[in-house]
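Let's take a relaxed walk through a protein and the small molecule it holds. Have the sequence and the 3D view open as you read.

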Amino acid sequence: MKIFSGIQPSGALHIGHYLGAIQQWKELQKNNDALFCIVDMHAITAPQEPEELRKRIFEVAGLFLASGIDPQKSIIFQQSDVPAHAELHWILNTIAPLGELERMTQFKDKASKAKSLCAGLLNYPTLQAADILLYGTDEVPVGEDQAQHIEFTRMIAEKFNARFGETFKLPKAKVVKEGARIMSLQDPLKKMSKSDPDPDSYLALLDDGATIMKKLKKAVTDSGKEVRYDKEKKPAISNLMTIYQAFSGKSYKEIEEAYKGKQYSEFKSMLAEILTHSLMPIKEKYTMLSERPSEVKAVLLEGKEKASIIAEKTLAKVYQKIGFTL
Ligand code: AQP
């Protein structure tokens, strides 16, 4: 099967990215043709400082490698390195219904918070459709929040195919069951997000033990003091239990048993320990790679070459179908 997925270099990668995306990428790369992309063109739909963006692109690539994405098995590349993404995006923009774009939850959410809006934010799902369709993708492993964009991609592909003849494969979203939506530590009704201005709201993959402990201590909890999984009545503790369960392998029942009669603070301290221990190998590998930046750059260069071959083939087919090729 062909797999495509990506992450924006728009802030520090956090445990939501690990549980909602990277963890399943590691499994999927074993038996599939997988492409994992650093979607820098998506990232600039929100203002980015050039130097900070450069640093983040490197960091995301390094974290992909440090978390176990293997360049021998997967193609790892930077979106702006393959111009076919921008070219197909333009073509898809000419068939994407404006009303559908305006209805996208992520657009409405980001638009309600942004001081000023750029057209790129509205067109974000069309660029995402181009990313996915260029590679004949069967499945897109994503967190729950992205499922709507994959539906949009299918709709665009169907529209194109209906008008110009069978061209694009229709992709499907592959959403993990647990960890598909990790919530903010400061507001359990909001998704954990790397562009959240409050760094206490997320646990970054590169946070050290003391920072993890500090953030968890500050994490909001629900009324009462029972460690019990109940998403409706106890959204904050349930979110922390999801993280606990994902990194410890323990079931919710086992966690509830272990903390019966105990305080939230004991649960949080153990969670901090589990996280520090689980993230340590990623941090160590990342530190090693950041001392050898040429290795990371070589992976991206190889990825660019491999991805370009596939993308350009698809784009040539599209140009032929729509009448650009003489
Ligand atoms: N909180 C989350 N829980 C589970 N999965 C998540 N993902 C992101 N946040 C969570 C998944 O990670 C992949 C890449 O996301 P992205 O960087 O392209 O953009 P995003 O979803 O918009 O992530 P952020 O952190 O909220 O970024 P900003 O703040 O820059 O917009 C996707 O598969 C996503 O589902």
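Sort the shell around the ligand by class, and you get six nonpolar, 12 polar and five charged residues. Keep in mind that this is a predicted model. In total, 23 residues surround the ligand, and the closest are Ser 10, Lys 110, Ser 193, Lys 194 and Ser 195.

Some of these neighbours make polar contacts with the ligand. Here are three to look for:

| Residue | Atom on the protein side | Atom on the ligand side | Distance |
|---|---|---|---|
| Ser 195 | polar side-chain atom | oxygen | 2.4 Å |
| Asp 145 | polar side-chain atom | oxygen | 2.7 Å |
| Met 192 | backbone N or O atom | nitrogen | 3.0 Å |

How much of the ligand does the protein bury? On its own the ligand would expose 640 Å², and the protein buries 97% of that. Two elements give two or more residues to the shell: strand E1 (2-7) and helix H1 (15-31). The largest share, four residues, comes from H1.

**Around His 14**

Now find the loop between E1 and H1, where His 14 sits. Is His 14 buried or exposed? With a relative accessible area of 3%, His 14 is buried, because anything under 20% counts as buried. Its side chain has a polar atom 3.0 Å from the backbone nitrogen of Gly 16. The His 14 side chain also reaches the backbone oxygen of Met 192, at 3.3 Å.

That second partner is a long way off in the sequence: His 14 and Met 192 are 178 residues apart along the chain, yet their C-alpha atoms are 8.1 Å apart in space. Leaving out neighbours within four places in sequence, His 14 is in contact with Met 192, Ser 193, Lys 194, Tyr 202, Leu 203, Ala 204 and Leu 205.

Tyr 202 from that list deserves a stop too. You'll find Tyr 202 in the loop between strand E5 (172-175) and helix H9 (209-218). Tyr 202 has a relative accessible area of 11%, so it is buried. Apart from residues within four places in sequence, its contacts include Ala 12, His 14, Met 192, Ser 193 and Lys 194. For a contrast, try Gln 29: Tyr 202 is 173 residues from Gln 29 in sequence, and their C-alpha atoms are 27 Å apart.

**Helix H3 and the loop after it**

Arg 56 lies in helix H3. You may be used to thinking of charged residues on the outside, so which way does Arg 56 go, buried or exposed? Its relative accessible area is 16%, so Arg 56 counts as buried. Setting aside residues up to four places away in sequence, Arg 56 touches Pro 9, Gly 11 and Ala 12.

Move on to the loop between helix H3 (50-66) and strand E3 (74-78), and you reach Ser 67. Ser 67 is buried because its relative accessibility is 4%. Which residues does Ser 67 touch, not counting those up to four places away in sequence? They are Tyr 18, Ile 22, Lys 26 and Ile 282.

**The nonpolar cores**

Next, the greasy parts. The largest nonpolar core has 59 residues, and those with the most contacts inside it are Ile 15, Phe 64, Phe 247, Phe 267 and Leu 275. Helix H12 (residues 264-290) supplies the largest share of this core, with 10 residues. Take Phe 267 as an example. Not counting neighbours within four places in sequence, Phe 267 is in contact with Val 227, Ile 237, Leu 240, Met 241, Tyr 244, Ile 255 and Tyr 259. There is also a second, separate core of 36 residues, which includes Phe 4, Ile 75, Leu 88 and Ala 96.

**One last helix**

Finish at helix H13 (residues 293-322), home of Glu 295. Glu 295 has a relative accessible area of 36%, so it is partly exposed. That label fits because partly exposed covers the range between buried, under 20%, and exposed, over 50%. How far apart are the C-alpha atoms of Glu 295 and Glu 305? These two are 10 residues apart along the chain, and their C-alpha atoms are separated by 16 Å.

Terms used
Residues numbered from 1 in each chain as written. Predicted model: local features only at pLDDT ≥ 70, side-chain atom pairs only at ≥ 80, totals over all residues. Heavy atoms only, no water. Near = heavy atom within 4 Å. Polar contact = N/O pair within 3.5 Å; in protein donor to acceptor, adjacent residues only side chain to side chain. Areas by Shrake-Rupley, 256 points an atom, 1.4 Å probe, with all protein chains shown as cover. Nonpolar A, V, L, I, M, F, W, Y, C, P; charged D, E, K, R; others polar. Buried < 20%, exposed > 50% of the residue type's maximum accessible area, 1.4 Å probe, protein only. Contact = heavy atoms within 4.5 Å. Core = buried A, V, L, I, M, F, W, Y, C linked by side-chain atoms within 4.5 Å.
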